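This report looks at how side chains pack and pair in one protein chain. Please keep the sequence and the model at hand while reading.

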Amino acid sequence: DSSSYAEALERWMQTEKPYLNKDFRLTDLQRILPLNRTYLSQLINSAFGCTFYQYVTNYRIEEAKRLMREQPELKIQEIADRCGFSSPTVFGRTFARETGMTPTEWNAQFPS
């Protein structure tokens with residue numbers, strides 16, 4: 001049943017945090033869900049209303065926000081690295097697209 005697959009996926013994402021790995025791929029979900037690639041993709045689209053890439057990006061951005069709040073001394077490079085982004089540039093561009101502000105601007109709103 002797709003809702004139990006979606007719940008299992010959410011639990012795994014929250015407890016194991018596989019999205020922190022830069023090389024995390026859709027096929028990695030097959031470790032916990034015995035489904036083919038096409039069905040996994042459809043599951044994410046229907047259960048979460050987004051693509052696999054967007055689903056992973058949401059988790060990475062939330063992790064980045066958490067790190068910036070809890071460890072404001074971290075450099076952007078380190079945050080990008082810890083959150084699974086391929087580079088600080090990709091992180092900055094993705095963060096700005098998803099939140100409407102750069103990581104620096106976001107940090108300024110939440111001073112420690």
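Helices in this report are DSSP runs of H or I with at least four residues, numbered from the N terminus. The model is predicted, and the values given below are computed from it.

## Nonpolar cores

The largest nonpolar core has 18 residues, and those that touch the most other members are L9, M13, F24, L29, I44, F52 and Y55. Two or more residues of this core come from each of the helices α1 (2-16), α2 (37-48) and α3 (52-70). A second core, separate from this one, holds 13 residues, among them I61, M68, C83 and F85.

Y55 gives a closer view of the packing: once its neighbours within four places in sequence are set aside, Y55 is in contact with L9, E10, M13, I44, F48 and C50. In soluble globular proteins, nonpolar side chains tend to be buried together.

## Aromatic pairs

Across the whole structure, the search finds 8 aromatic pairs. One of them joins Y55 and Y59 in an edge-to-face arrangement, with 5.4 Å from centre to centre and 75° between the planes. Both tyrosines, Y55 and Y59, lie in helix α3, 4 residues apart, which is about one turn of the helix, and both are buried. Ring pairs also link Y55 and Y59 with Y19 and F48 into a cluster.

## Two positions in helices α3 and α2

T57 lies in helix α3 and is counted as buried because its relative accessible area is 2%, where the cut-off is under 20%. A polar atom of the T57 side chain lies 2.8 Å from the backbone oxygen of Y53. Leaving aside neighbours within four places in sequence, T57 is in contact with T94 and E98.

A47, found in helix α2, is partly exposed, with a relative accessible area of 39%. The C-alpha atom of A47 is separated by 9.3 Å from that of E7, although the two residues are 40 apart along the chain.

## Cysteines

Why does the sulfur of C50 not bond with the closest cysteine sulfur, in C83? The two sulfur atoms are 18 Å apart, which is too far for a bond, whereas a disulfide needs a pair of sulfur atoms within 2.5 Å. The search of the whole structure accordingly finds 0 disulfides. Both cysteines are nevertheless buried: C50 has a relative accessible area of 11%, and C83 has one of 0%.

## Salt bridges

The count comes to 8 salt bridges. In one of them the side chains of D28 and R31 meet, at 3.5 Å from N to O; D28 counts as buried, at 16% relative accessibility, while R31 counts as exposed, at 62%. Another joins E78 and R82, whose closest N and O atoms are 3.0 Å apart. E78 and R82 both lie in helix α4 (residues 76-82), 4 residues apart, or about one turn of the helix. Each is partly exposed, E78 with a relative accessible area of 32% and R82 with one of 35%.

The side chains of E98 and R97 also meet in a salt bridge, at 3.4 Å from N to O, and E98 is partly exposed, with a relative accessible area of 37%. In addition, K17, E63, R66 and E70 are joined into one network by salt bridges that share partners.

Conventions:
Residues numbered from 1 in each chain as written. Predicted model: local features only at pLDDT ≥ 70, side-chain atom pairs only at ≥ 80, totals over all residues. Heavy atoms only, no water. Core = buried A, V, L, I, M, F, W, Y, C linked by side-chain atoms within 4.5 Å. Buried < 20%, exposed > 50% of the residue type's maximum accessible area, 1.4 Å probe, protein only. Contact = heavy atoms within 4.5 Å. Polar contact = N/O pair within 3.5 Å; in protein donor to acceptor, adjacent residues only side chain to side chain. Phe/Tyr/Trp six-rings, centres within 6.5 Å; stacked < 30°, edge-to-face > 60°. Salt bridge = Lys/Arg side-chain N within 4 Å of Asp/Glu carboxyl O.
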